[in-house]
Amino acid sequence: AVVSTQSRSRSHAVFNIIVTQITHDDMTNLETEKVSKLSLVDLAGSERFSKTGATGDRMKEGSNINKSLTTLGMVISTLADIAAGKKGKGAFVPYRDSTLTWLLKDNLGGNSRTVMIATISPADDNFEETLSTLRYADRAKRIINNAVINEDANAKVIRELREEVDKLRSELGSRGGTVPNPDGSGYVDINKLKEQLSQSESLISELSATWEEKLKKTEETHKER
């Protein structure tokens, strides 16, 4: 541990970068958005005041850091228990008990992919801190997050239908009255594929029109404001 002085301040650091990707679809004349957030987090380590000699404001800072790390440990333990099935998915997770855990809510148990790097000390007198850090890391690696693309639900449906339409058109390009079934189970009649293609194209048109109406209403609302 580094001996504390009044001029040495410690804190956690959280740096967020939000990236928005806007794509224009020439066929439907619609714009879709995908939003991602990259979080870079540097956590201050816990400390024992008997070793650092912190007093006054530095002691207060150290207490707040230790408290936030304790809450983080509770959050990680709860999420690990949920992932292991020891607790139900509706179990209470104390994100609000600390500003740190509230800021890291999405990173810990939300729609994200998270990498944690644990740094430890080889010194004998830091045994307790090293053991605590390793326990943190062991619990954290048990958390399971399923990351999905952040995009509008309608845009996603339209995109998937477009992929289906392209696939059906490709299959219709084959010769003969039948084409191989995509799942390998026999053949499919071309007339049936044409019917599926027509239904998918109609649904895309309906969804696109609905989406355009929503955009127009939003623009009108902004102009009124």
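**Getting to know this model**

Trainee: Which helix is Thr71 found in?
Mentor: Before I say, this is a predicted model: local features need pLDDT of at least 70 and side-chain atom pairs count only at pLDDT 80 or more, while totals for chains, interfaces and linings use all residues. Residues are numbered from 1 along each chain as its sequence is written, and side-chain values use heavy atoms, with hydrogens and water left out. Helices (DSSP H or I runs of at least four residues) and strands (E runs of at least two) are numbered from the N terminus. On that numbering, Thr71 sits in helix H2.

Trainee: And is Thr71 buried or exposed?
Mentor: Buried means under 20% relative accessible area, exposed means over 50%, and partly exposed is in between (1.4 Å probe, protein chains only). Thr71 has a relative accessible area of 7%, so it counts as buried.

Trainee: Which residues is Thr71 in contact with, leaving aside its neighbours within four places in sequence?
Mentor: Contact means heavy atoms within 4.5 Å. Take Pro94 as a start: Thr71 and Pro94 are 23 residues apart in sequence, yet their C-alpha atoms are 7.4 Å apart in space. With those sequence neighbours set aside, the contacts of Thr71 are Pro94, Asp97, Ser98 and Thr101.

Trainee: What about Thr78: buried or exposed?
Mentor: Thr78 lies in helix H2 too. Beyond four places in sequence, Thr78 is in contact with Lys87, Phe92, Val93 and Pro94. Its relative accessibility is 8%, so Thr78 counts as buried.

Trainee: Which element gives the largest share of the largest nonpolar core?
Mentor: A nonpolar core is a set of buried Ala, Val, Leu, Ile, Met, Phe, Trp, Tyr and Cys residues joined through side-chain atoms within 4.5 Å. The largest one here has 17 residues, and those with the most contacts inside it are Leu72, Val75, Ile76, Leu79, Val93 and Leu108. Helix H2 (56–84) and helix H5 (127–140) are the elements that give two or more residues to this core. The largest share, eight residues, comes from H2.

Trainee: Which residues is Leu108 in contact with, beyond four places in sequence?
Mentor: Leu108 is one of the residues with the most contacts inside the largest core. Without its neighbours within four places, the contacts of Leu108 are Leu72, Val75, Ile76, Leu79, Ile143 and Asn145.

Trainee: At roughly what angle do the axes of H2 and H5 cross?
Mentor: Axes are lines fitted to C-alpha atoms, for helices over the stretch in contact, and angles run from 0 to 180 degrees between N-to-C directions. The contact is made by Leu69, Thr70, Leu72, Gly73, Ile76, Ser77 and Ala80 of H2 and Tyr136, Arg139 and Ala140 of H5. The two axes come within 9 Å and cross at roughly 35°.

Trainee: Where is Val14 placed, and is it buried or partly exposed?
Mentor: Val14 belongs to strand S1 (residues 13–25). Its C-alpha atom is 5.9 Å from that of Leu40, 26 residues away along the chain. Leaving aside neighbours within four places, Val14 is in contact with Leu40, Val41 and Leu100. At 31% relative accessibility, Val14 counts as partly exposed.

Trainee: How far apart are the C-alpha atoms of Thr23 and Lys34?
Mentor: Thr23 is also in strand S1, and at 39% relative accessibility it counts as partly exposed. Thr23 and Lys34 are eleven residues apart along the chain, with a C-alpha separation of 8.4 Å.

Trainee: Zooming out, what percentage of the residues count as buried?
Mentor: The protein has seven helices and four strands. From the N terminus, the elements run β-β-α-α-α-α-α-α-β-β-α. Of the 225 residues, the part that counts as buried is 26%.
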